Amino acid sequence: MTSHGTLGVAVIGTGRMGADHVRRLTDVTSGARVAAVVDIDAERVKGIADGIEGCAAYTDPAQAMADPGVNAVLIASPGPAHEAALLAAFEADLPVLCEKPLTPDAASALRVLEAEQKLGHRRVQVGFMRRYDREYMKLKALLDSGELGRTLMVHNRHRNAEVPPGYTNQMLINDSVVHEMDITRWLLDQEITAVTVLRPRPSGNAPEGLDDPQLVIFETEGGVLVDVEINVRCRFGYQVQAEAVCENGTARMGDVHDILVNHAGRWGGTIAPDYVERFEDAYDREVQAWVDATRRGEVTGPSVWDGYAAAAVCEAGVRAQAEGRRVEVELIERPALYRA
Ligand code: NAD
């Protein structure tokens, strides 16, 4: 850190999320600056670095981590590149905010879990930003308070207006439903033990090769049933809703995230076009929490264990989807480093 305690961050991967985090660290977050940017696209990374005072451009993450101005790493490259970047950050013993997924599968997540345990201390916050969304935080506080009794079921709706060409059934689980996997584990403080995937007749909007929408059902270790309508080409906007059904009441979020307007005999509001707008506050809070914890010498938020558990649930989900049956989640015993 600089003499003023400002965190010098290397942002690895400067595509949609990485560029947005560069903007956030520069314009929104306090206590941090972008000291380096890294991308395999040399032209792109130079263009970004040129617009930020004192920011160096690299094409190799390890070189950026060796830059004396860098004392923390934000990984926003595609999932398959995360393991190498995480291991390099452990080598340099630098704190990390790693975009979800931790890695694309449970075996590689397990390697990262083992490597962090060898360090002997937590280094990574995983980018499951929904935990920093105001509505989800309120829902969790309410469920934790016990006021509504025990949670019995949670109904989720996850709708995207559109997905890029080439989006597959597997990506629907690994890239989209992974968020419900993490938020379910966090809201209920329980592991997911089994996954089932059901499909209605496909929408006429579904592109060739993609069955859309789908209904994903989780069972948890405490006997809670959780369903997720995943609907990635709904056309009308980006919508994330959850309703917890408890013994003595229900709690629902995500119906409205902006003002309601009464006008010309109608009432209504707008729907966010995408996750960047819907979860803007959550991303801001997530990155600020990471910077603040790092400057205090702490690691908070979703851990490598959470990244590994989500990867294991994704694997069960992809198998359940492909094989058309209920698949149990295989998890190792939770290591001491990740017990509360
Ligand atoms: P993107 O394709 O827009 O950008 C990825 C960038 O990384 C590109 O500029 C690419 O050139 C670069 N890159 C590729 N390999 C690299 C490597 N080995 N080292 C450095 N840079 C490399 O992708 P995106 O949508 O920005 O997604 C990036 C990450 O963010 C993924 O892990 C994705 O799952 C995650 N993501 C998270 C959320 C969320 O809501 N938390 C939303 C979208 C994406």
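**Exercise 1.** Find which side chain meets that of Asp-274 in a salt bridge, and give the N to O distance.

*Solution.* In this predicted model, the side chain of Asp-274 forms a salt bridge with that of Arg-16, at 2.8 Å from N to O. The cut-off for such a pair is 4 Å, so 2.8 Å counts. Next, place the two residues: domain 1 covers 7-128 + 282-301, and domain 2 covers 134-278. Arg-16 therefore falls in domain 1 and Asp-274 in domain 2. The count of salt bridges between the two domains is one.

**Exercise 2.** State how many residue pairs are in polar contact across the interface of domain 1 and domain 2, and which helices of domain 1 take part in the contact.

*Solution.* Three residue pairs are in polar contact across the interface. On the side of domain 1 that touches domain 2, helix 1 (16-27) and helix 9 (280-295) supply at least two residues each. Helix 1 gives the largest share, three residues. Sorted by class, this side of domain 1 has three nonpolar and four charged residues, and no polar ones.

**Exercise 3.** Describe the separation of the two domains and the area buried between them.

*Solution.* Start with the C-alpha centres: those of domain 1 and domain 2 are 28 Å apart. The contact involves seven residues of domain 1 and nine residues of domain 2. Between the domains about 890 Å² is buried, and carbon and sulfur atoms give 53% of this area. Last, look at single residues: of the area that domain 1 buries against domain 2, 54% comes from Arg-16, Phe-128 and Arg-285, more than from any other three residues. Arg-16, one of these three, is also the salt-bridge partner of Asp-274.

How values were computed. Residues numbered from 1 in each chain as written. Predicted model: local features only at pLDDT ≥ 70, side-chain atom pairs only at ≥ 80, totals over all residues. Heavy atoms only, no water. Contact = heavy atoms within 4.5 Å. Buried area = accessible area lost by both parts, 1.4 Å probe. Polar contact = N/O pair within 3.5 Å; in protein donor to acceptor, adjacent residues only side chain to side chain. Helix = DSSP H or I, 4+ residues; strand = E, 2+ residues; numbered from the N terminus. Nonpolar A, V, L, I, M, F, W, Y, C, P; charged D, E, K, R; others polar.
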